[in-house]
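Welcome to a short tour of a protein model. We will look at its inner spaces, its surface and its charged contacts.

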Amino acid sequence: MPDRRWSGAQPGDEEPGTIPEALARAAGRFGEAEALVDGATRLTFAELAERVSLAARALIASGIEAGDRVAIWAPNGAEWVVTSFAVYSVGAVLVPLNTRYKGVEAGHVLRTSGARLLFSVTDFLGADLVSLLDGVPGLALKETVVLSGPVPPGCTAYDDYLARAGTVPQRDVDARRAAVTRTDPSDIIFTSGTTGQPKGAVLGHGASVATYLAWSELVGLRPGDRYLVVYPFFHTAGLKSGVLACVLRGATIIPHAVFEVVPVMQRVMEERVTMLPGPPTVFQSILNHPDFASFDLSTLRLAVTGAATVPVEIIRRMREELRFETVVTGYGLTETTGTVSMCRHDDSPEVIATTVGRPLPGLEVRLVDDAGETVASGEPGEILVRGYNVMQEYYEDPAATAAAMVDGWLHTGDVGVLGADGNLRITDRKKDMYIVGGFNAFPAEIEGIMVTHPKVGQVAVIGIPDERLGEVGVAYVVPRPGASVEPDEIISWCREHMANFKVPRLVEVVEALPLNPTGKVMKFELRARYVA
């Protein structure tokens with residue numbers, strides 16, 4: 001792993017190699033600066049480190065050993081930040097869960113990871129996440145801690161969990177923290193794939209720190225920046241380029257649980273936010289809101305966007321109307337700790353809108369044809385990545401790991417073109433994947449859930465353009481023999497059984513799906529049918 005020094009380092013100030021080291025250095029260097037703001041909770045970096053140590057002692061008292069998996073299924077908030085750093089500090093492995101998951105989806109992640117402890121909530125957008133796991137089989141959970149909301153029987157209140165810390169001396173946490181190494185796993189973040197079931201990408205401490213030292217340098221994140229983290233913490237964008245980057249650079253973490261235009265503009269104004277990331281829909285929604293002009297957003301300085309096609313006009317309006325000094329776009333995936341390439345702050349709006357920039361320093365990127373041969377500059381090829389940011393494996397899935405990583409190169413499944421100027425342009429996405437408002441939607445996973453409906457015999461899902469969300473899903477359904485299928489009925493059922501971004505916008509009932517000679521669905525014909 002490259003030993004790049006942080007640009008803000010002082011003589012004798014060593015670059016951190018693990019996430020706990022990053023927090024310890026932040027407490028030492030930025031101690032009295034504001035680290036975290038969440039409602040009435042306002043913590044300096046020194047206070048954040050103290051809270052993390054308390055939560056880490058409680059983890060040890062709860063029987064969590066190094067290497068154990070600890071899950072968080074909750075919206076962005078102060079407790080999320082504290083708990084995640086506590087998990088890292090005791091040498092355990094964090095397993096974040098998508099708050100849009102239903103019980104079956106969450107159960108798959110918990111069961112596959114073998115998570116022993118779950119932190120969750122019972123009051124998120126009117127939903128009791130904990131109750132969604134009722135009846136889900138095969139879980140290895142020893143305990144569920146409720147961060148907020150009513151505490152169901154058999155669960156533990158967060159304050160009661162923290163009270164256990166008194167039985168564990170601080171030296172036990174210090175010993176655990178010192179034992180964590182760069183090569184130790186820090187997270188298992190589940191990402192869907194074309195095989196249908198989410199796979200757990202194992203990310204490392206050293207990879208996380210090195211990637212976001214480089215990332216924060218390229219985007220220009222500064223000490224004292226106030227960072228409104230609208231990306232969810234269960235995603236690498238929120239957890240790594242949000243929380244971790246702030247700790248590495250001395251910026252203030254301002255968690256935001258649910259994106260709504262007016263509350264976001266209000267928080268930007270009240271908290272004097274300087275850094276606002278998000279997919280293009282975030283900025284389109286702000287710019288197009290009728291009350292946009294009534295909010296003072298003049299503190300905004302830096303924006304990082306991506307996750308969907310970025311119109312050149314949006315980049316221009318972000319700079320001219322939102323007055324961002326710096327707007328950059330990038331490319332990455334969970335398997336690369338969230339980032340592969342980034343534009344630079346002085347790139348033109350056209351470069352920022354039409355490319356995903358150049359690879360991070362120290363990374364190798366190749367584009368290859370179907371035979372595995374490197375293609376010429378300007379020619380399309382599959383994007384391969386090798387370097388310090390690549391995942392260690394798919395958790396307990398050697399076959400999937402071997403298919404994705406060959407001779408050290410991660411095969412992304414994305415197709416791109418590398419220009420003579422070194423900028424990368426994405427031309428096709430992973431197989432049939434499409435992106436709904438910044439969330440990756442994988443048809444095979446959605447199809448796997450839909451075919452469990454008693455009336456659905458076959459189904460094929462495609463992504464189609466949508467002005468507001470970038471893309472949405474359309475499902476072509478073949479009914480089971482003798483069954484009568486109503487599209488609205490299927491959509492309603494999907495809302496009950498999968499995260500909302502996965503629910504198809506449209507359902508079309510067909511007699512048969514177009515198949516090739518090997519029996520595979522020819523989705524290009526379905527796309528042509530939709531256009532027609």
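A cavity is a set of grid points where a 1.4 Å probe fits but cannot get out, and its lining residues are those with an atom within 4 Å of a point. Keep in mind that this is a predicted model.

**Spaces inside**

How many cavities of 30 Å³ or more does the structure hold? There are 2 of them. The largest cavity offers about 290 Å³ of space. It is lined by 18 residues, and those closest to its centre are Asn 98, Tyr 101, Phe 190, Thr 191 and His 235. Two elements, strand S8 (185-191) and strand S23 (439-441), each give two or more residues to this lining. S8 contributes the most, with 3 residues. Sorted by class, the lining of the largest cavity has 10 nonpolar, 7 polar and 1 charged residues.

The second largest cavity has a volume of about 40 Å³. Which residues line the second largest cavity? They are Ile 19, Ser 84, Phe 85, Tyr 88, Leu 239, Lys 240, Val 243 and Leu 244. Here the elements that give two or more residues are helix H3 (78-89) and helix H8 (236-249), and H8 gives the most, with 4. By class, this lining counts 6 nonpolar, 1 polar and 1 charged residues.

**On the surface**

Moving outward, Leu 506, Tyr 530 and Val 531 make a nonpolar surface patch of about 300 Å². Val 531 belongs to helix H16 (residues 523-531). Is Val 531 buried or exposed? Its relative accessible area is 71%, and the cut-off for exposed is over 50%, so Val 531 counts as exposed.

**Two backbone angles to look for**

Arg 272 is not a glycine, yet its phi is positive, at about 55°. You will find Arg 272 in the loop between helix H9 (261-271) and helix H10 (280-287), where it is partly exposed with a relative accessible area of 40%. Glu 396 also has a positive phi, near 50°, in a residue other than glycine. Glu 396 sits in the loop between strand S18 (393-394) and helix H13 (398-404), and at 62% relative accessibility it is exposed.

**Charged partners**

A search of the whole structure finds 21 salt bridges. Among them are these three:

| Salt bridge | N to O distance |
|---|---|
| Glu 105 and Lys 502 | 2.8 Å |
| Arg 164 and Glu 143 | 2.4 Å |
| Glu 489 and Lys 455 | 3.4 Å |

Glu 105 is in helix H4 (residues 103-113) and Lys 502 in the loop between helix H15 (487-497) and strand S26 (506-509), so this pair ties together parts that are 397 residues apart in sequence. Both Glu 105 and Lys 502 are buried.

Arg 164 lies in the loop between helix H5 (158-163) and helix H6 (170-179), while Glu 143 is in strand S6 (residues 143-148), so their bridge joins parts 21 residues apart in sequence. Arg 164 is partly exposed, with a relative accessible area of 24%, whereas Glu 143 is buried at 16%.

In the third pair, Glu 489 of helix H15 is linked to Lys 455, in the loop between helix H14 (443-450) and strand S24 (456-466), 34 residues apart. Glu 489 is partly exposed at 31% relative accessibility, and Lys 455 is partly exposed at 30%.

Finally, look for Glu 34, Arg 42, Arg 226 and Glu 271, which are linked in a network of salt bridges.

Notes. Residues numbered from 1 in each chain as written. Predicted model: local features only at pLDDT ≥ 70, side-chain atom pairs only at ≥ 80, totals over all residues. Heavy atoms only, no water. 1 Å grid on protein atoms, 1.4 Å probe; cavity = no way out; pocket = protein on both sides within 12 Å on 5 of 7 lines; lining within 4 Å. Points joined across faces, edges and corners; volume = space filled by probe spheres on them. Nonpolar A, V, L, I, M, F, W, Y, C, P; charged D, E, K, R; others polar. Patch = residues over 30% accessible without salt bridge, like charges linked within 9 Å, V, L, I, M, F, W, Y side chains within 5 Å. Areas by Shrake-Rupley, 256 points an atom, 1.4 Å probe, with all protein chains shown as cover. Salt bridge = Lys/Arg side-chain N within 4 Å of Asp/Glu carboxyl O. Buried < 20%, exposed > 50% of the residue type's maximum accessible area, 1.4 Å probe, protein only.
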